[in-house]
Amino acid sequence: MAAKKVLFIGLVWPEPTSSAAGTRIIQLVALFLANGYEVHFASAAAKGDFSFELKTIGVVDHEIKLNDSSFDKWLKELHPSMVVFDRFMTEEQYGWRVEQVCPNAVRILDTEDLHFLRHARQHALKHPSELDLYNDVTKRELAAILRCDLSLIISQVEMDLLKQFNISNQILYYLPFLEEPITSTEHWKTFEERRDFVFIGNYLHEPNWQTLQYLKTSVWPLLRKKLPEVSLHIYGAYATEKVMQLQNVREKFFVHGRAESARETIAQHRVLLAPLLLGAGVKGKFIDAMQTGTPISSSTVGAEGMANGMDWAGIISDDLSTFIEATVMLYQNKKVWQKAQENGIYIINQLYAKDQFEIPFLERLTEIEANLAQHRQQNFFGEILRHHTLQSTKYMSLWIEEKNK
């Protein structure tokens with residue numbers, strides 16, 4: 001019997017060394033491969049120097065065109081049984097074509113994180129105001145969720161948020177990062193072997209840039225007074241000139257640019273300093289820190305959705321002076337530091353160990369596939385949206401295609 005085909009349509013080519021989104025999509029790809037699927041990955045984006053070599057793990061990659069009917073012909077020949085859209089923008093661009101060409105393919109949206117939540121927080125920070133979740137990005141993202149057969153949600157906080165918008169559980173699936181459990185810590189550096197603080201992030205991602213500025217202007221000047229012999233090391237992909245210019249050797253504020261391995265880099269340091277001001281979803285840098293036994297100083301937004309009520313792997317505070325005091329204690333007090341490390345091990349093993357999520361997820365997909373017509377009838381608002389959106393996005397896309405000729 002031929003293997004089932006699953007097609008991933010990427011907004012970009014995955015870069016797991018650059019971002020958590022890249023790591024997430026590769027984890028999903030690996031899950032399908034490990035369970036006998038024939039995996040195809042397509043994107044209209046250009047490949048970059050750090051794009052993951054999908055062919056090395058047995059994935060067939062395809063370069064496709066946006067707003068071009070050549071995609072339809074190609075899709076008809078490929079004939080996948082499942083299509084995974086990488087973020088809601090990809091569903092907007094290709095969902096109607098998939099619906100038209102492969103109506104019986106199960107359509108899955110990997111949200112990565114809820115973009116409308118991140119967008120609302122960003123807007124409230126830049127234009128000081130109350131958090132407004134009822135924005136245009138919300139309408140677009142919720143519409144994409146409703147049009148799909150299943151949407152993958154990375155945190156329980158986001159699952160709860162979607163319930164406030166009356167999105168049915170039938171079309172949502174909680175699937176966090178899929179991690180190897182921590183079974184040995186012998187290779188970890190000890191408290192004494194580590195020194196300094198570290199922050200890491202992809203600087204194309206606005207929350208990381210905002211946090212970096214906050215570290216430079218507000219956090220580090222105060223922390224340095226308390227710990228004058230300690231340095232802060234900044235790493236991350238796509239560090240532009242404005243990022244690199246923040247380096248100040250005299251202030252022990254070192255900006256290094258891209259790290260070859262996020263985990264190996266974090267593992268050298270005593271504490272991950274990450275008081276995120278905005279963002280959403282589950283933070284890849286925090287998973288990396290817990291996987292390397294590195295305690296985390298964070299904010300409420302940073303830790304949101306990460307521990308589901310369990311004791312945190314470090315400290316959480318939104319008050320700057322409290323944050324500084326608690327971070328100094330975490331850095332200096334070996335017992336406090338070791339307890340934070342133990343909490344991180346527990347969080348990973350209880351909430352992110354992949355063996356507890358993979359089989360139930362695949363079973364859910366099989367169930368949907370076997371009862372697709374009934375599943376779609378239960379999501380009748382999605383049917384209505386697909387009917388109308390199919391027309392509007394179809395004719396917009398065809399107009400663009402005609403214009404480009």
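**Exercise 1.** In this predicted model, work out which residues of strand β11 (residues 271-274) lie on each side, and whether they are buried or exposed.

*Solution.* Start with one face of β11, which holds Val271 and Leu273. Then turn to the other face, with Leu272 and Ala274. All four residues are buried, that is, under 20% relative accessible area, so both faces of the strand are covered.

**Exercise 2.** Find the strands that pair with β11, and give the direction and the number of bridges.

*Solution.* Take β8 (residues 197-200) to begin with: it runs parallel to β11, joined by 2 bridges. Here Phe197 stands opposite Val271. Next comes β12 (residues 296-298), which pairs with β11 in the parallel sense over 3 bridges. In that pairing, Leu272 has Ile296 as its bridge partner.

**Exercise 3.** Now follow the chain from β8 to β9 and describe the crossover.

*Solution.* Strands β8 and β9 run parallel and share 4 bridges, with Phe197 partnered by Leu232 in β9. Between the two strands the chain passes through helix α7 (residues 206-226), making a right-handed β-α-β crossover. Moving on, β9 pairs with β10 (residues 253-257), again through 4 parallel bridges; one of the partnerships is Tyr235 with Gly257.

**Exercise 4.** Locate Leu66 and decide how exposed it is.

*Solution.* Look in the loop between β3 (60-63) and α2 (70-78), where Leu66 sits. Its relative accessible area is 37%, which falls between the 20% and 50% cut-offs, so Leu66 is partly exposed. Leaving out residues up to four places away in sequence, Leu66 touches Ala44, Gln93 and Tyr94.

Conventions: Residues are numbered from 1 along each chain as its sequence is written. This is a predicted model: local features need pLDDT of at least 70, side-chain atom pairs count only at pLDDT 80 or more; totals for chains, interfaces and linings use all residues. Side-chain values use heavy atoms; hydrogens and water are left out. Buried means under 20% relative accessible area, exposed over 50%, partly exposed in between (1.4 Å probe, protein chains only). Contact means heavy atoms within 4.5 Å. Two strands pair if DSSP finds at least two bridges between them. A crossover is right-handed if, with the strands pointing away from the viewer, the path from the first strand over the helix to the second runs clockwise.
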